[in-house]
Amino acid sequence: MNISVDHQGPLIPDIAALVFSFLDVSEKQTVAQVCRLWYKVSYLPSLWRGITIVLPLDCSEVLVKSLSKRRIRKVNCSRANSEDLSILFSHLPEITHLNLGGCPQVSETLLKIEIPKLHQLEHLSFRRCGRLSDGVLEACGPQLKKLKSFTMEDCDNITETGFQGFIKHLSELEVLDLTWCEGLTDGCLKTLALCCPKVSQLSLRGCDWVTVLGIRFVVENLKNLSVLDFKWSHGITDGAVELVAKNLPDVTFLDVKDCPFVTSDGIGHVTKHLNKIKHLSFGGGDHMHFANNVQDIENMFVDISKLTELRCLAFDFCDGISDSAIHTLIKSLPNLKVLDVGYVETISDSTADLIGSHLQNLESLSLRSQKLADRGVAIIASKLTHLKTLDLRHCEISNDGMARMAPFLKDLKSLILSSHSKLTNVGVKYIANFMKNLTSLDLMDCCGVTNSGVAILAFNLTQLQHLNLSYCSRVSNKGVCEVGKYLKELKQLTLDQTKVTDQGFVYVSRHLPKLVSLGVEGCKITDRGLIKASESLSNLEELDLGSNLITDAGVKQAVVHLKGLTDMSLTGCMSITDASIESVLNELPYLTHLGIEGCLRVSEEAVERLRETAKSAISFF
């Protein structure tokens with residue numbers, strides 16, 4: 001390593017480089033401030049290879065030049081403007097991964113001129129980007145010959161013409177995500193099928209325009225497909241699933257969850273033809289008619305139990321599932337790593353016994369049943385030593401059950417315990433004492449948890465990044481201030497319908513520097529609290545408010561400070577008027593979505609008028 005400095009520092013360069021290779025981005029930036037040697041070593045390009053940089057709100061040319069020296073090739077720009085991107089592209093023309101999420105301050109002209117110059121791009125993503133147009137895609141297509149992955153999520157401006165003009169040039173494309181793109185047609189899938197033979201992963205989530213005709217184009221031409229995601233797509237039927245199953249035998253991932261027209265017949269085609277499948281997700285979607293009778297469901301689960309390659313199984317429907325069907329499934333699939341059975345009333349302690357005995361490779365488990373109680377969860381915890389994610393919402397777990405299960409879950413990362421009426425501070429103490437590796441905890445509607453319990457959690461679970469205390473009616477400012485005092489890694493905090501007022505709201509806003517999402521819907525926040533809190537939330541991305549004590553004056557002064565917001569919800573703000581909505585839309589440059597619900601003094605006429613010129617989507621209920 002050729003680094004010449006006058007002062008070697010406490011570590012020689014080679015050793016320093018090895019040590020620094022184990023640090024995350026923020027830690028590298030910290031050690032760079034120690035001495036000149038460490039600065040030079042920590043910014044070696046080899047230590048930044050493969051790292052994705054999130055462009056900050058206060059981006060500068062000095063920062064971008066630093067990224068260039070580190071040879072950064074992966075950049076996420078969710079809140080950039082045209083000037084930011086111009087600087088970025090001029091200094092990093094060899095970017096290989098670019099994610100543009102929203103970016104309402106980026107002009108269509110800039111995208112049309114600058115993106116085609118990025119000839120090394122392999123991965124390009126647009127999410128809820130209102131400036132993405134047919135013209136931009138048509139300009140990019142001929143120039144981005146190396147593109148392997150393209151995401152276009154919730155981009156309503158794109159039509160069949162623009163998509164076809166873009167996709168026909170991408171012969172190297174392997175991954176395509178069109179989630180919630182509502183302006184496309186089956187004709188787009190035809191062009192994709194004919195021009196992109198290497199596509200192996202296709203996501204059409206929420207694409208109701210997809211029909212059997214489009215699926216036929218896909219399955220007849222894209223023989224490399226192994227991943228298909230149709231979740232929330234109402235045009236997907238049993239016939240579409242049959243086409244996939246009969247024509248694409250190498251599919252390993254299929255998600256048809258919340259597709260209301262996929263029934264047990266469709267899953268029957270999967271079990272008959274897709275013997276290599278590793279991920280299968282189905283059910284949900286308010287099925288009116290999933291199966292003709294109970295025997296059909298029994299037979300379906302028997303057939304699923306023969307899919308020995310399955311590693312992830314998720315299903316969600318309430319009626320017709322017997323104990324014997326579930327038990328057959330559990331006994332036959334010992335290699336499962338992810339199991340999500342949705343809300344199934346028949347899941348009980350005896351089922352938990354079988355899960356603990358037969359599914360010991362599980363890393364993620366979701367069980368939602370009021371028949372599952374202390375003994376069952378204790379067995380699961382003691383036997384499933386690889387668990388990282390556990391969802392037990394709506395189960396009947398008491399403090400005693402938590403005492404029995406917590407000691408076995410020391411490596412757990414995510415725990416969901418919403419709606420546990422029997423859980424109190426006593427049970428919470430076991431979580432705090434034993435589950436110190438948790439990064440996500442959901443205690444929504446656990447009404448037995450008070451400020452004391454929250455304080456215990458905050459003091460012990462210092463790695464938490466996501467915390468949901470919504471509808472915990474006994475949590476107030478005292479407990480929330482403890483959260484602000486100790487949970488410095490927290491990124492998402494939900495306090496909806498708690499007893500938090502201005503004091504707690506302002507405290508967490510000032511003391512949680514990494515916070516990107518904050519919810520205080522239904523809390524008694526006043527104009528004064530909103531204004532004071534907003535002064536510390538310039539980097540916040542999502543804010544949910546809901547208080548009849550907030551007025552137009554408070555909103556007008558607060559939004560001046562909330563420049564980083566991309567998503568804002570106003571629920572039950574009875575005192576605000578059309579003026580608040582105008583202030584939000586005029587003052588928040590990076591806003592991509594504004595939700596308005598139950599704000600009775602906001603008029604539908606004003607919302608419709610503002611929609612015509614707004615750069616962000618507006619939901620109004």
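Visitor: Where does Ser364 sit, and why is it called buried?
Guide: Ser364 belongs to strand S13, residues 364-368. Keep in mind that we are looking at a predicted model. The relative accessible area of Ser364 is 17%, and buried means under 20%, so Ser364 counts as buried.

Visitor: What is Ser364 in contact with, apart from its neighbours within four places in sequence?
Guide: Those contacts are Lys337, Val338, Leu339, Leu387 and Thr389. They earn the word contact because their heavy atoms come within 4.5 Å of Ser364.

Visitor: Why is Trp232 called partly exposed?
Guide: Trp232 has a relative accessibility of 30%. Buried would need under 20% and exposed over 50%, so Trp232 falls in between and is partly exposed. You'll find Trp232 in the loop between strand S8 (227-229) and H11.

Visitor: And what makes Tyr471 partly exposed?
Guide: Run the check again: Tyr471 has a relative accessible area of 38%, and partly exposed covers what lies between buried, under 20%, and exposed, over 50%. Tyr471 therefore takes that label. Tyr471 lies in the loop between strand S17 (466-468) and helix H20 (477-486).

Visitor: What is phi in Trp232, and what is it in Tyr471?
Guide: Trp232 has a positive phi of about 70 degrees, although Trp232 is not a glycine. Tyr471 isn't a glycine either, and its phi is also positive, near 65 degrees.

Visitor: What makes helix H22 mostly covered?
Guide: Count the residues: 6 of the 8 in H22, which spans 527-534, are buried. They are Asp527, Gly529, Leu530, Ile531, Ala533 and Ser534. Each of them gets the label because its relative accessible area is under 20%.

Visitor: Which elements do the buried residues of H22 pack against?
Guide: Their partners are helix H21 (502-511), strand S20 (542-546) and helix H23 (552-558).

Visitor: Why is the set of 205 residues called a nonpolar core?
Guide: A nonpolar core takes in buried residues of kinds such as Ile, Met, Phe and Leu, joined through side-chain atoms within 4.5 Å. The 205 residues make up the largest such set, and Ile115, Met152, Phe282, Leu313 and Phe315 have the most contacts inside it. Helix H11 (residues 238-247) gives the largest share of this core, 5 residues. At least three residues come from each of domain 1 (13-47) and domain 2 (501-620). In soluble globular proteins, nonpolar side chains tend to be buried together.

Visitor: Which residues does Met152 touch?
Guide: Leaving out residues up to four places away in sequence, Met152 touches several, among them Phe126, Leu132, Ile158, Phe163 and Cys181.

Visitor: How many cavities of 30 Å³ or more are there, and what makes something a cavity?
Guide: A search of the whole structure turns up 2. A cavity is space where a 1.4 Å probe fits but cannot get out. The largest has about 60 Å³ of space, and the second largest has a volume of about 40 Å³.

Visitor: How do the residues lining the largest cavity divide by class?
Guide: There are 11 nonpolar, 1 polar and no charged residues. The lining includes Phe315, Ile326, Leu339 and Thr351. Thr isn't on the nonpolar or charged list, so Thr351 is counted as polar. H14 gives the largest share of this lining, 3 residues.

Visitor: And how does the lining of the second largest cavity divide?
Guide: That one has 8 nonpolar, no polar and no charged residues. They are Val454, Leu457, Ala458, Leu464, Leu467, Leu469, Val483 and Leu487. Val, Leu and Ala count as nonpolar, which means each of these goes in that class.

Visitor: What makes a pocket a pocket, and how much space lies in the largest one?
Guide: A pocket is an open set of points, whereas in a cavity the probe cannot get out. The largest pocket holds about 1,400 Å³ of space. Of its 35 lining residues, Val54, Lys491, Val516, Asn539 and Glu541 are the closest to the centre. By class, the lining has 10 nonpolar, 12 polar and 13 charged residues.

Visitor: How much space lies in the second largest pocket?
Guide: About 460 Å³. Its lining has 19 residues, and the closest to the centre are Asp156, Thr592, Lys615, Ser616 and Ala617. Strand S23 (residues 617-620) supplies the largest share, 3 residues.

Technical notes
Residues numbered from 1 in each chain as written. Predicted model: local features only at pLDDT ≥ 70, side-chain atom pairs only at ≥ 80, totals over all residues. Heavy atoms only, no water. 1 Å grid on protein atoms, 1.4 Å probe; cavity = no way out; pocket = protein on both sides within 12 Å on 5 of 7 lines; lining within 4 Å. Points joined across faces, edges and corners; volume = space filled by probe spheres on them. Helix = DSSP H or I, 4+ residues; strand = E, 2+ residues; numbered from the N terminus. Buried < 20%, exposed > 50% of the residue type's maximum accessible area, 1.4 Å probe, protein only. Domains from an automatic or database assignment.
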